[in-house]
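Please open the model in your viewer and keep the sequence panel beside it, since each stop on this tour begins with a selection. The tour starts with a pair of helices and widens from there.

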Amino acid sequence: PRANAVPVMTAPVFQLSEVIEVFERMSSDDGGISLQEYIDAYFELNKFFSVLGRAMSFVTSDISKKVDVLRDHLKTTGEPYRTVQSMIKYEVENDLLDKSRQPQSGSRTLLRLHRALIFIIELFEKMSKFDGKPLSGLASEAYEATLANFHSWIVRKGVQLGLYMIPKTKDVIASIEETEETIKPKLRYSDRNARIAFVVFSQAVN
């Protein structure tokens, strides 16, 4: 038994079905990616990171800050930030992409958030297979294949240590009111929709 495992956090409540719905709603009427829906998607996904316990606090904190940046841009500037495509066009045309600029540009913020989406895709795919590995191991593999590429050696070592404190798979599943039988198809469906969002977003920024 892993006595040092961090207890599952009970709040906020994460609903996998909510993530599925948000990804399905993400496309706007004109074919663009609704920035509000993108913000909503990360708001829901961040609940999942919270469920994984304090070991993932570095992710939840970072996502929260970046979501706030996007929300502020949408609130203060409005129409130019209605879709991801219109935001990128507006910021390029108005020379707002400088790294040192404050507040941070929405485009750069979104790019960094997108890295977390790649991690989610990797982790959901691994979880949907349930091959007997502990969730800490799956998260570690997903991290090494994605977010670790953007972190220093020291940060990677610290994250890896923290990941071993992630709650057991069965406890996480129970905390989001699912079972292995109900969560498998939802994870596969979420993973598929996340991959679609990834492709659409990649096309928007290229």
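Begin by selecting H4 and H5, whose axes come within 9 Å and cross at roughly 135 degrees; bear in mind throughout that this is a predicted model. Two packed helices are described by the angle between their axes and the distance between the axes. An angle over 145 degrees would count as roughly antiparallel and one from 65 to 115 as roughly perpendicular, and H4 and H5 are therefore oblique to each other.

Now show the side chains where these two helices touch: on the H4 side they are Val84, Met87, Ile88 and Glu91, and on the H5 side they are Gly106, Ser107 and Leu110. By residue type, this contact of H4 with H5 divides into 4 nonpolar, 2 polar and 1 charged.

Next, select the loop that lies between H4 and H5, where Asp95 is found. Asp95 has a positive phi of about 55 degrees although it is not a glycine. Most residues other than glycine have a negative phi. Is Asp95 buried or exposed? With a relative accessible area of 63%, Asp95 is exposed, because the cut-off for that class is over 50%.

Leu97 is found in this loop between H4 and H5 as well, and Leu97 is partly exposed, with a relative accessible area of 27%. Leaving aside neighbours within four places in sequence, Leu97 is in contact with Glu91, Val92, Ser105, Ser107 and Arg108. If you draw a C-alpha to C-alpha distance from Leu97 to Ser107, it should read 7.3 Å, for two residues that are 10 apart in sequence.

Move along to Thr109, which lies in helix H5 and is buried, with a relative accessible area of 1%. Which residues, beyond those within four places in sequence, is Thr109 in contact with? They are Lys66, Val69, Leu70 and Gln104, and among these Lys66, Val69 and Leu70 are buried residues of H3.

That makes H3, residues 57–77, a natural selection to make next. At 1.5 Å a residue, the 21 residues of H3 should span 30 Å, and the C-alpha atoms at its ends are 30 Å apart, which agrees. Colour its buried residues, which are Val59, Thr60, Ile63, Lys66, Val67, Val69, Leu70 and His73. An α-helix has 3.6 residues a turn, so residues three or four places apart point the same way. The buried residues of H3 pack against H2 (35–51), H4 (84–93) and H5 (106–129). Just after H3 comes Gly78, whose phi is positive, near 75 degrees.

For the next stop, turn to the interior and display the largest nonpolar core, which has 51 residues, Leu52 and Leu123 being those with the most contacts inside it. The largest share of this core, 10 residues, comes from H5. Centre the view on Leu123 and, not counting residues up to four places away in sequence, you will find that it touches Phe48, Leu52, Leu135, Leu138, Ala139 and Ala142.

Finally, zoom out to the whole chain, whose secondary structure comes to 9 helices and 0 strands. Of its 206 residues, 46% count as buried. Among contacts in the chain with a separation of 6 or more, residues 24 or more positions apart account for 69%.

Technical notes. Residues are numbered from 1 along each chain as its sequence is written. This is a predicted model: local features need pLDDT of at least 70, side-chain atom pairs count only at pLDDT 80 or more; totals for chains, interfaces and linings use all residues. Side-chain values use heavy atoms; hydrogens and water are left out. Helices (H or I, at least four residues) and strands (E, at least two) are DSSP runs, numbered from the N terminus. The expected span of a helix is 1.5 Å times one less than its number of residues. Buried means under 20% relative accessible area, exposed over 50%, partly exposed in between (1.4 Å probe, protein chains only). Contact means heavy atoms within 4.5 Å. A nonpolar core is a set of buried Ala, Val, Leu, Ile, Met, Phe, Trp, Tyr and Cys residues joined through side-chain atoms within 4.5 Å. Axes are lines fitted to C-alpha atoms, for helices over the stretch in contact, and angles run from 0 to 180 degrees between N-to-C directions. Angles under 35 degrees count as roughly parallel, over 145 as roughly antiparallel, 65 to 115 as roughly perpendicular and the rest as oblique. Ala, Val, Leu, Ile, Met, Phe, Trp, Tyr, Cys and Pro count as nonpolar, Asp, Glu, Lys and Arg as charged, and the others, Gly among them, as polar.
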